[in-house]
Amino acid sequence: MVARLVVAAPSSGSGKTTVATGLMAAFAAAGLAVSPHKVGPDYIDPGYHALATGRPGRNLDAFMCGPGLVAPLFAHGARGCDVAVVEGVMGLYDGASGQGELASTAHVAKLLRAPVVLVVDASSQSRSVAALVHGFASWDPGVRMGGVILNKVGSQRHEELLRDALGSSGVPVLGALRRAPQVQAPSRHLGLVPVAERGAAALDSVAASAEQVRRGCDMEALLALARSAPELPGVAWDPHEAVASAAGTASSGLTSAGTASAVLASAGLTSEGAAPPAPGAAPVVALAGGAAFTFSYAEHAELLTAAGADVVPFDPLHDEELPPGTRGLVIGGGFPEMYAPELSANEPLRKAVADLAASGRPVAAECAGLLYLARDLDGKPMCGVLDARARMSERLTLGYREAVAVSDSVLAPAGTRMRGHEFHRTVVEPGAGAVPAWGMHTPERRVEGFVARRVHASYLHTHWAAEPGVAHRFVTRCAA
């Protein structure tokens, strides 16, 4: 059993990330092995969590992965740790739009049987804080409210008033934090600036958060609360077992597009050519990283490895060649719009990516990867794999999506249903190719993305743990 607690808040902007990251770093500094987690699809906060703990920050998303995978994915990430800290998303009870509690912090806390610590921005209230905390603690009897941390407290007198008001609430005060500008991370159009772009400044802000939490919180009480969580039933998710199960389903012909032979034939392969790579002959799958491509779920690389790939990271900002022997390419999300001149200036790599795609090697691109494969981004030449142009936009596109694969691709057979999310302030024109990637279950029933040869490019972010057949299918085609 792993001790665990969930850090939540009444709303966004209350200080969840500061408190959760500081708590993770403080526990780690005390010699504990800390497992960091984030509710929802956000990629940026887990980067700060990883910096605080030295372990991959992992997402727990009940919409994209389904409620049944939340506890197994948590157990996988927390294996061997002393304590786990789970940062919530938005307000405690805010989840997928129009779908009740689904994917909310409260929903995940119940799935994990974990106590909740509520972070309250107390900067503009005193006695009213008791009514607010009482409301959140009593709204859902299935959520165990273990305590409250008062954030942005103005003075000693302010703290005394807040503590006095909460004295009869039944919810213990586990900390009170003063305003501290040095712990704040800078933001821009999609939220916090990622760790990979801040260098030493990110380390300093995490250290400042840890010190603030250490000084202002009852660390012993917080650890005791985490240890009071009951045993979590079930077994941990395992990428090898997930891929093996997906491979068995594919080989038995139980795919959404028909028999395995039909799927292979649609991709121009034979069953012999699609056999898993022999030991010692793992196909190299290049995985884009660096400051421009920071959005990736840790499970994706684990699934690719479990499927038989040799996953090799590279940085499109600096590396002029793809990793030696590259047989497939995965380009996740990030901020290429912030680095368009530098990405464009790396002409040797742009040509290498274009040549790889032209050769028929599998390429999977999500959001930032889609922009990088376009002809240009804000007028700066990109890889030119897709006959499309990308530009920044004033409009934020954000939200969960339900999608169906429109056509067979290197990721999924036609008809495969997946859940994902969009998160960008850019526009690609046209929004879909002659063969689109996804059909969206939106009021306008739009199609989106590009499937061309063995390239799959789309704005949709997906979590492959929900459909491990994606990794199996991709690696199979890399090895063919």
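Here are some worked exercises on the predicted model shown above.

**Exercise 1. The nonpolar cores**

Task: Find out how many residues the largest nonpolar core has, and which of them have the most contacts inside it.

Solution:
- Step 1. Start with the count: the largest nonpolar core has 115 residues.
- Step 2. Now pick out those with the most contacts inside this core, namely Phe27, Leu112, Leu222 and Leu304.
- Step 3. Ask where the largest share of the core comes from: helix H1 (residues 16-29) supplies it, with seven residues.
- Step 4. Look apart from this core and you will find another, of 36 residues, which includes Phe314, Ile331, Cys367 and Phe450.
- Step 5. Return to Phe27 and set aside its neighbours within four places in sequence; Phe27 is then in contact with Leu32, Val34, Val83, Val85, Met219, Leu222 and Leu223.

**Exercise 2. Two helix pairs**

Task: Decide whether H1 and H2 are roughly parallel or roughly perpendicular to each other, and then do the same for H2 and H8.

Solution:
- Step 1. Take H1 and helix H2 (residues 44-53): their axes come within 8 Å and cross at roughly 20 degrees.
- Step 2. Angles under 35 degrees count as roughly parallel, so H1 and H2 are roughly parallel to each other.
- Step 3. Add the handedness: H1 passes H2 in a right-handed crossing.
- Step 4. See which residues meet: from H1 they are Thr17, Thr21, Met24, Ala25 and Ala28, and from H2 they are Asp45, Tyr48, His49, Ala52 and Thr53.
- Step 5. Sort this contact by class, and you get five nonpolar, four polar and one charged residues.
- Step 6. Move on to H2 and helix H8 (residues 200-216), which pack at an angle of about 75 degrees with their axes 10 Å apart.
- Step 7. Angles of 65 to 115 degrees count as roughly perpendicular, so that is how H2 and H8 lie to each other.
- Step 8. In this contact, Tyr48, Leu51 and Ala52 of H2 meet Ala202, Leu203, Ser205 and Val206 of H8. Six of the residues are nonpolar, one is polar and none is charged.

**Exercise 3. Positive phi**

Task: For Cys367 and for Arg453, work out whether the residue is buried or exposed.

Solution:
- Step 1. Find Cys367 in the loop between strand S13 (363-366) and helix H15 (368-373). Its phi is near 55 degrees, a positive value in a residue other than glycine.
- Step 2. Cys367 has a relative accessible area of 6%. Buried means under 20%, so Cys367 is buried.
- Step 3. Find Arg453 in the loop between strand S20 (450-452) and strand S21 (455-458). Arg453 is not a glycine, yet its phi is positive, at about 55 degrees.
- Step 4. Arg453 has 64% relative accessibility. Exposed means over 50%, so Arg453 counts as exposed.

**Exercise 4. A loop residue and its contacts**

Task: Locate Glu231 and list what it touches.

Solution:
- Step 1. Glu231 sits in the loop between helix H9 (219-227) and helix H10 (239-251).
- Step 2. With 60% relative accessibility, Glu231 counts as exposed.
- Step 3. Not counting residues up to four places away in sequence, Glu231 touches Met1, Arg4 and Arg113.

**Exercise 5. A cis peptide bond**

Task: Say which loop holds Pro430 and describe the bond from Glu429 to Pro430.

Solution:
- Step 1. Pro430 is in the loop between strand S17 (417-429) and strand S18 (438-440).
- Step 2. The peptide bond from Glu429 to Pro430 has omega near 0 degrees and is cis.

Terms used: Residues are numbered from 1 along each chain as its sequence is written. This is a predicted model: local features need pLDDT of at least 70, side-chain atom pairs count only at pLDDT 80 or more; totals for chains, interfaces and linings use all residues. Side-chain values use heavy atoms; hydrogens and water are left out. A nonpolar core is a set of buried Ala, Val, Leu, Ile, Met, Phe, Trp, Tyr and Cys residues joined through side-chain atoms within 4.5 Å. Buried means under 20% relative accessible area, exposed over 50%, partly exposed in between (1.4 Å probe, protein chains only). Helices (H or I, at least four residues) and strands (E, at least two) are DSSP runs, numbered from the N terminus. Contact means heavy atoms within 4.5 Å. Axes are lines fitted to C-alpha atoms, for helices over the stretch in contact, and angles run from 0 to 180 degrees between N-to-C directions. Angles under 35 degrees count as roughly parallel, over 145 as roughly antiparallel, 65 to 115 as roughly perpendicular and the rest as oblique. A crossing is left-handed if the near helix is turned anticlockwise from the far one by less than a right angle, and right-handed if clockwise. Ala, Val, Leu, Ile, Met, Phe, Trp, Tyr, Cys and Pro count as nonpolar, Asp, Glu, Lys and Arg as charged, and the others, Gly among them, as polar.
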